[in-house]
Every structure is written in C-alpha cells, then in structure tokens.
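This briefing goes through one chain by topic: overall make-up, helix packing, cores and selected residues. Please keep the sequence and the model at hand while reading.

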Amino acid sequence: LAATAGIVTASVLAHTTAVNIIYTTSLALLITAFVLGISHLYFFKTILANGLLMGVLAMVILITFNALFPGFIEHTWNLNALSGIMLLGVPMEEFLFHFAAGACFAVVYECLFNCRPSTRRRKAVIA
C-alpha cells in the first residue's frame, strides 16, 4: 500500500503538472514514509531520525564539495528551475530530497524484513 501510494503520487504529478521532478519525487517518498508510519506507529522516530541524518549528511557533502571546488553547485544545478532558497550555498531542495529519501528507505528496508524495527540484540556466542 505504501509503495503504491508513492508510485501513484509520483506518476500523477509527473503526468499532470509541470512541477520539477525533485518536488514530485520528494513528495512521493514522503507519502510512502507517512503511509508506513501510519500503519506502524513505532516507525515515526525512525522516519524522522533517518530523514534528518540523511539530509544533514547530504548537506555536509555538498557544502564540502562546493568549498573544495568553488562554483560546483552553480555549474552543476539548474538553479533557475529551483526555489532559489539556498542553505549555506546548497539548494534547499537537496536537503528536502535527501530527507525524504532517508525517511522513506529506512522504513522500507525494515518492512522488507518483517516490518519490525530491530531493537533486540543478538547475544554473542563464545566458542
């Protein structure tokens, strides 16, 4: 159901609007994560934590690349197609997309393996 909701959202928005793909993809990923979060309430902390971690990691990498290679962002991104909001020299859409991807894929992975967060630790076997 969650994957279907995300795929349908992405398809409908891609074929019925002229919205930039980064927004439609981000929305589809967030909807997938939201549906999984609603159906398994214990995923909400995982969704938020992994989304923030992925968003921050992407920003650190992009800020570093832009510092090492001045103009990297301006030459690589089509900034005219984006909102124009920059976070430390990186388009805000990058944080949004990576937050959505981290939020979605963290719980999709858990659901592929029995829809349970792995909270139990295995005991070490000493031979």
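Does T9 count as buried or exposed, judged by its relative accessibility? T9 counts as buried, because its relative accessibility is 17% and the cut-off for buried is under 20%. The model is a predicted one, and the points below place T9 and several other residues in their surroundings.

**Overall make-up**

- The chain contains 5 helices and 2 strands.
- Their order along the sequence is α-α-α-α-β-β-α.
- Of the 127 residues in the chain, 31% count as buried.
- Taking contacts between residues at least 6 apart in sequence, 65% join residues at least 24 apart.

**Packing of α1 and α2**

- Helix α1 covers residues 2-16 and helix α2 covers residues 21-39; the two pack with their axes 8 Å apart, at an angle of about 160°.
- That angle makes α1 roughly antiparallel to α2, since angles over 145 degrees fall in that class.
- The crossing of α1 and α2 is right-handed.
- On the α1 side, the contact is made by A2, A3, A5, G6, T9, A10 and L13. On the α2 side, T24, L27, A28, I31, T32, V35 and L36 meet them.
- By type, the residues of this contact comprise 10 nonpolar and 4 polar, with no charged ones.

**T9, on the α1 side**

- T9 sits in helix α1.
- Not counting residues up to four places away in sequence, T9 touches L27, A28 and I31. L27, A28 and I31 are among the α2 residues of the helix contact.
- T9 and I31 are 22 residues apart in sequence, and their C-alpha atoms are 8.0 Å apart in space.

**V35 and L36, on the α2 side**

- V35 and L36 both belong to helix α2.
- V35 counts as partly exposed because its relative accessibility is 21%, whereas L36 is buried, with a relative accessible area of 10%.
- Outside its neighbours within four places in sequence, V35 is in contact with L1, A2 and A5.
- V35 and C104 are 69 residues apart in sequence, with a C-alpha to C-alpha separation of 9.8 Å.
- L36 touches A2, F43, V107, V108 and C111, leaving out residues up to four places away in sequence.
- The C-alpha atoms of L36 and A2 are separated by 5.9 Å, although the two residues are 34 apart along the chain.

**Nonpolar cores**

- The largest nonpolar core has 11 residues in all: A2, L29, A33, L36, F43, I47, A100, A101, A103, C104 and V107.
- Two elements, α2 and α5 (92-112), give two or more residues to this core.
- Helix α5 gives the most to this core, with 5 residues.
- A second core, separate from this one, has 7 residues, including L62, I73, W77 and V90.
- A2 and L36 belong to the largest core and also appear in the contact of α1 with α2.
- V107, F43 and A2 are core residues that L36 touches.

**S26 and E110**

- S26 is located in helix α2.
- Its relative accessibility is 1%, so S26 counts as buried.
- Beyond the neighbours within four places in sequence, S26 is in contact with L96, F97 and A100. A100 is one of the residues of the largest nonpolar core.
- E110 is in helix α5.
- With a relative accessibility of 16%, E110 counts as buried.
- E110 and T46 lie 64 residues apart in sequence, and 10.0 Å apart in space from C-alpha to C-alpha.

**L88, between the strands**

- Which residue is found in the loop between β1 (86-87) and β2 (90-91)? L88 is found there.
- L88 is exposed, with a relative accessible area of 74%.
- The phi angle of L88 is near 55°, a positive value in a residue other than glycine.

How values were computed
Residues are numbered from 1 along each chain as its sequence is written. This is a predicted model: local features need pLDDT of at least 70, side-chain atom pairs count only at pLDDT 80 or more; totals for chains, interfaces and linings use all residues. Side-chain values use heavy atoms; hydrogens and water are left out. Axes are lines fitted to C-alpha atoms, for helices over the stretch in contact, and angles run from 0 to 180 degrees between N-to-C directions. Helices (H or I, at least four residues) and strands (E, at least two) are DSSP runs, numbered from the N terminus. Angles under 35 degrees count as roughly parallel, over 145 as roughly antiparallel, 65 to 115 as roughly perpendicular and the rest as oblique. A crossing is left-handed if the near helix is turned anticlockwise from the far one by less than a right angle, and right-handed if clockwise. Contact means heavy atoms within 4.5 Å. Ala, Val, Leu, Ile, Met, Phe, Trp, Tyr, Cys and Pro count as nonpolar, Asp, Glu, Lys and Arg as charged, and the others, Gly among them, as polar. A nonpolar core is a set of buried Ala, Val, Leu, Ile, Met, Phe, Trp, Tyr and Cys residues joined through side-chain atoms within 4.5 Å. Buried means under 20% relative accessible area, exposed over 50%, partly exposed in between (1.4 Å probe, protein chains only).
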